[in-house]
Amino acid sequence: MPLDENQIASRDQFERQSRNYGKTHILADVSDIAAAIEGLEIPRGGMALDIATGGGHTAVWLAENGWTVTASDLSPAMLERASELADEHDVKITTAVHEAERLPYPDGTFQIVTCRVAAHHFTDQAGFVREAARVLAPGGVFLLIDGSVPDGESEAEAWIHAVEKFRDPSHGRFLPPCGWADLVREAGLNVLRCTTTPFKQPDLEWYFETAGTTQDNRAKVRALISYPPEEAKRVFRLAQEPDGKITWWWLRLTLIARK
Ligand SMILES: C[S@@+](CC[C@H](N)C(=O)[O-])C[C@H]1O[C@@H](n2cnc3c(N)ncnc32)[C@H](O)[C@@H]1O
């Protein structure tokens, strides 16, 4: 099946911007992954699939922690970056080009399936979760980390969607925690943990550069930031720092489920 419009937009966006998701990106700090599984009985080792691996930070973490890793993404350029990172860390990963919504693996292939800070791009988030559940072996673990929005704050949600869409038109949709938990249960997995933690967007200008936001769209985002609804200001703690940087705090969702 050919890629849909949204998948093409994501692939092209990350083909262009792949070099901005390496060591200097905030995603290079993988402490959230270790924290996500802390205290849970998750045996290290076995087959792992990292979906939408981007710069490969999660895939490399998995490989360093004993898993045999397939790192997949829509963008071949991102997979090259992921392979370079694996080489630098002296670990092996296998790469595969495919979309998150259709996984070319038999049922029950993997002991862990991960997807970190990417699912908000996907066209069919329910289909992605169903596919992740299908390729997990019985007892296998699904780890999802992504930006999220609080339940019941519709004005704030609309505002962050508008900001994200102008900044990076391949943005799809942040789902609230209940939305993800429902999709995961409907796919037949047991939710072990579903939490959100605040996570700082460190500087609007850095954020624009990372995505290669057009000048027109930067102006639109600045306009949204100049006149935000009160709810968005409160929920995202939108601020101008003493050094002039514009920052806010997202909710970062961590969901762990077992098959
Ligand atoms: C921010 S990066 C991911 C970060 C990475 N997971 C990490 O832990 O550092 C987002 C990635 O999602 C990929 N992507 C977006 N939509 C996709 C889809 N439908 N299927 C597969 N990959 C997709 C992009 O190509 C990009 O590499």
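**Burial, cysteines and overall form**

Q: Why is Cys 115 called buried?
A: Cys 115 has 1% relative accessibility, and buried means under 20% relative accessible area (exposed is over 50%, partly exposed in between; 1.4 Å probe, protein chains only), so Cys 115 counts as buried. The model is predicted: local features need pLDDT of at least 70, side-chain atom pairs count only at pLDDT 80 or more, and totals for chains, interfaces and linings use all residues. Residues are numbered from 1 along each chain as its sequence is written, and side-chain values use heavy atoms, with hydrogens and water left out.

Q: What makes Cys 194 partly exposed?
A: Its relative accessibility is 29%, so Cys 194 counts as partly exposed.

Q: How many disulfides does a search of the whole structure find?
A: The search finds 0, where a disulfide is a pair of cysteine sulfur atoms within 2.5 Å. For Cys 115, the nearest cysteine sulfur is that of Cys 194, 15 Å away.

Q: Why is the sulfur of Cys 194 in no bond with that of Cys 178?
A: The sulfur of Cys 178 is the closest cysteine sulfur to that of Cys 194, but at 7.4 Å it is too far for a bond.

Q: What radius of gyration does the protein have, set against that of a compact globule?
A: The protein has 18 Å, and a compact globule of 259 residues would have a value near 18 Å, so the two agree. The radius is taken over C-alpha atoms, and the globule rule is 2.2 Å times the number of residues to the power 0.38.

Q: What share of the 259 residues is buried?
A: Buried residues make up 53%.
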